[in-house]
Amino acid sequence: MQPVLQILLAGGIMLAIAVVFGIILVICSNVFAVRRDERIDRVESLLAKSNCGGCGKAGCAQFAEALVKGEVKLSDCRATPAANKQKIAEILGGGDIGEETVAVVHCNGGDACYNKYDYQGYGDCASCEMLAGGVKACPVGCIGKKTCVNVCPYGAVSVGDEGYSAVDKEKCVSCGVCIQNCPKNLISRIPKSAKVYIACSNHGKGKDVMELCKHGCIGCGICEKTCPEGAIAMKDGLPEIDYSKCVGCLKCVEKCPRKCIKEH
């Protein structure tokens, strides 16, 4: 019986030690636990949940945590509707929700822009760009091979019969994925309330632009002279629009001889 008692005693000691260590672990886990801010889950539930990465974070969960910690701004998220942003701001006790914006493509060349060669490769802008800077004679011309179309998580971008990309402002949530992926850097954000935008990115002289594209801006300055609100100014051969002054009269659209100012 003595060996049996010894085994039982050893087992009892080991069980007691395990219980003690278990109690210690529970106490330590409660004392040293990193408390998760309950606001994170509430904020995440109000985000767009598109996980588009436009804010610079891997997904909405990571953005929500960073937002609660004050590491990012609410306006960094473009995809979440303004109404939900307002609710998030209330949860966080304030925060700039930012102006609603949409993406636009600053090019309307497409088939009106001459080609340098006949491209027979894989139909993607990024791939085409690797061959002599793309097929288009204009160095900043839209290649039209649908990289932006393929990456848009909302189906807001398309390439029409004219051969250049365009954004449907009703579908666009301004996540920025197309902006990040355009190899020509032709896409940017403008206020959603904007009535017009510049559909050209070539800063070259008028004569040079005319040799490349039938729709390219020639820097004539008619739009600047026509605008009754002084909302357009020529800068380095291209017009820039001050949307804080623009009233959407569309006179610049009517007068542009190259039709590279588009109604939005």
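## Close-up views of a predicted model

**View 1. Helix H3 and its buried side.** Welcome to the first stop, where H3 has Cys60, Phe63, Ala64, Ala66, Leu67 and Val68 as its buried residues. This is a predicted model. The cover over these buried residues includes helix H2 (39-46) and H4. Just past the end of H3, Gly70 adopts a positive phi of about 80 degrees.

**View 2. Val68 and its contacts.** Stay with helix H3 and pick out Val68. Its relative accessible area is 13%, so Val68 counts as buried, because the limit for buried is under 20%. Leaving out neighbours within four places in sequence, Val68 makes contact with Asp37, Arg39, Ile40, Val43 and Leu92. One of these, Ile40, is 28 residues away along the chain, yet its C-alpha atom is 6.2 Å from that of Val68.

**View 3. Thr80 in the loop between H3 and H4.** Follow the chain to the loop that links helix H3 (60-68) with helix H4 (82-92), and you will find Thr80. With a relative accessible area of 4%, Thr80 is buried. Look for its side chain, which reaches the backbone nitrogen of Ala48 at 3.0 Å. Not counting residues up to four places away in sequence, Thr80 touches Leu46, Leu47, Ala48 and Lys85.

**View 4. The largest nonpolar core.** This core holds 21 residues, and the ones with the most contacts inside it are Ala103, Val105, Val167, Cys172, Leu186, Ile187 and Ile190. Strand E1 (101-105) and strand E4 (187-191) are the elements that give it two or more residues. E1 contributes the most, with four residues. For a closer look, try Leu186: residues up to four places away in sequence aside, Leu186 touches Val104, Val105, His106, Cys107, Val140, Gly141, Cys142 and Ser201.

**View 5. A second, separate core.** Here you can see a core of 16 residues, among them Val43, Leu74, Ile88 and Ala89. You have already met Val43 as a contact of Val68.

**View 6. A nonpolar patch on the surface.** Finally, turn to the surface, where Leu9, Ile13, Ile17, Val20, Phe21 and Ile24 make a nonpolar patch of about 570 Å². One of its members, Ile24, lies in helix H1 (residues 2-32). Ile24 has 40% relative accessibility, so this residue counts as partly exposed.

Definitions and conventions
Residues are numbered from 1 along each chain as its sequence is written. This is a predicted model: local features need pLDDT of at least 70, side-chain atom pairs count only at pLDDT 80 or more; totals for chains, interfaces and linings use all residues. Side-chain values use heavy atoms; hydrogens and water are left out. Buried means under 20% relative accessible area, exposed over 50%, partly exposed in between (1.4 Å probe, protein chains only). A polar contact is a pair of N or O atoms within 3.5 Å; within protein, one must be able to donate a hydrogen and the other to accept it, and residues adjacent in sequence count only if both atoms are side-chain atoms. Contact means heavy atoms within 4.5 Å. Patches are made of residues with over 30% relative accessible area and no salt bridge: like charges are joined within 9 Å, nonpolar side chains (Val, Leu, Ile, Met, Phe, Trp, Tyr) within 5 Å. Accessible areas come from the Shrake-Rupley method with a 1.4 Å probe; for residues, only the protein chains shown count as cover. A salt bridge is a side-chain nitrogen of Lys or Arg within 4 Å of a carboxyl oxygen of Asp or Glu. A nonpolar core is a set of buried Ala, Val, Leu, Ile, Met, Phe, Trp, Tyr and Cys residues joined through side-chain atoms within 4.5 Å.
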